[in-house]
Amino acid sequence: MRIDIITVLPHLLESPFSDSILKRAQKKELVEIRIHDLRNYGIGKHKQVDDYQFGGSAGMVMMIEPIANCIEKLNSERDYDEIIYMAPDGETLGQKTANELSLKENLLILCGHYKGIDQRIRDHFITREISIGDYVLSGGELAAAVLCDAVIRLLPGVLNDETSALTDSFQDGLLAPPVYTRPADFNGWKVPEILTSGNTKKIEKWRQEQSHKITEEKRPDLLKD
Ligand code: ADE
């Protein structure tokens, strides 16, 4: 998979991709991440990328030309399965969307800033708009990093134990059961006995029961579907 990200703050996106699982995924060539500095497509001497909005209102808007030029250049090099705009008014990111996107070959992600981007970009280039929740961030970069993390960890070979993404919360519409590690007894706080019984069938049954119980308690809305 290849993911191209267009941003005015490329440095903000360096750290999420240079550690841990996302770093390893790139090293193993399971994903290629390319960050594109929109400023390189800016207009005039000052490489302008934003301007006052028509109709007059507070806040700058990201201009159409730098974004259109950048997208058109990238589009001429490969076919993108989706051109995604990170926006608080997009569809809310869930595991289903992450699963779906993990099956694609080429994704292009545009990070917004200021009051947003010229609507014509959304109308003519964007194929999907994704929000990471009902709150407004200063820009789309952190949201793009969240989306990439959720997608990349699903690519085959990225996680050491390939089954571990399958047992994540939400994968089967339920929250994951509790997990424990050594010591089995910490100052009298004991690990559920079943987990140290060695009876794998009973352990699996216990985990399923716990998943249902926790989902009922914390997220009963998930059981409605
Ligand atoms: N940009 C600003 N806020 C955002 C959000 N909640 N999700 C995605 N992109 C954003």
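This report describes the overall form of one chain and then a few of its residues in a predicted model.

**Overall form**

The secondary structure of the chain amounts to seven helices and nine strands. Its radius of gyration is 22 Å, whereas the globule rule gives 17 Å for 225 residues, so the chain is more spread out than a compact globule. Along the principal axes, the C-alpha trace extends over about 70 × 40 × 35 Å. The domain assignment divides the chain into domain 1, covering 2-152, and domain 2, covering 169-224, and the C-alpha centres of domain 1 and domain 2 are 37 Å apart.

Of the 225 residues, 40% count as buried. The exposed surface of the chain comes to about 13,700 Å², of which carbon and sulfur atoms supply 51%. When contacts between residues at least 6 apart in sequence are considered, 74% of them join residues at least 24 apart. The chain carries 28 positive and 36 negative side chains, and the centres of these two sets are separated by 5 Å.

**A buried aspartate in strand β1**

Asp-4 belongs to strand β1, which runs over residues 2-7. With a relative accessibility of 0%, Asp-4 counts as buried, because the cut-off for that class is under 20%. Leaving aside residues up to four places away in sequence, Asp-4 touches Arg-34, His-36, Leu-74, Arg-78, Tyr-80, Leu-107, Leu-108 and Ile-109.

**Backbone geometry in the loops**

Most residues other than glycine have a negative phi, and most peptide bonds are trans. Against that background, Lys-47 has a positive phi of about 50° although it is not a glycine, and Asn-187 likewise has a positive phi of about 50° without being a glycine. The table sets out these two residues with their loops and relative accessible areas.

| Residue | Phi | Loop | Relative accessible area |
|---|---|---|---|
| Lys-47 | about 50° | between β2 (32-37) and β3 (50-52) | 36%, partly exposed |
| Asn-187 | about 50° | between β8 and β9 (189-190) | 68%, exposed |

A cis peptide bond, with omega at about 0°, joins Arg-182 and Pro-183. Pro-183 is placed in the loop between α6, which covers 141-152, and β8, which covers 185-186.

Notes: Residues numbered from 1 in each chain as written. Predicted model: local features only at pLDDT ≥ 70, side-chain atom pairs only at ≥ 80, totals over all residues. Heavy atoms only, no water. Helix = DSSP H or I, 4+ residues; strand = E, 2+ residues; numbered from the N terminus. Rg over C-alpha atoms; globule rule 2.2 N^0.38 Å. Buried < 20%, exposed > 50% of the residue type's maximum accessible area, 1.4 Å probe, protein only. Contact = heavy atoms within 4.5 Å. Areas by Shrake-Rupley, 256 points an atom, 1.4 Å probe, with all protein chains shown as cover. Lys, Arg positive; Asp, Glu negative; His and termini not counted. Charge placed at Lys NZ, Arg CZ, Asp CG, Glu CD. Domains from an automatic or database assignment.
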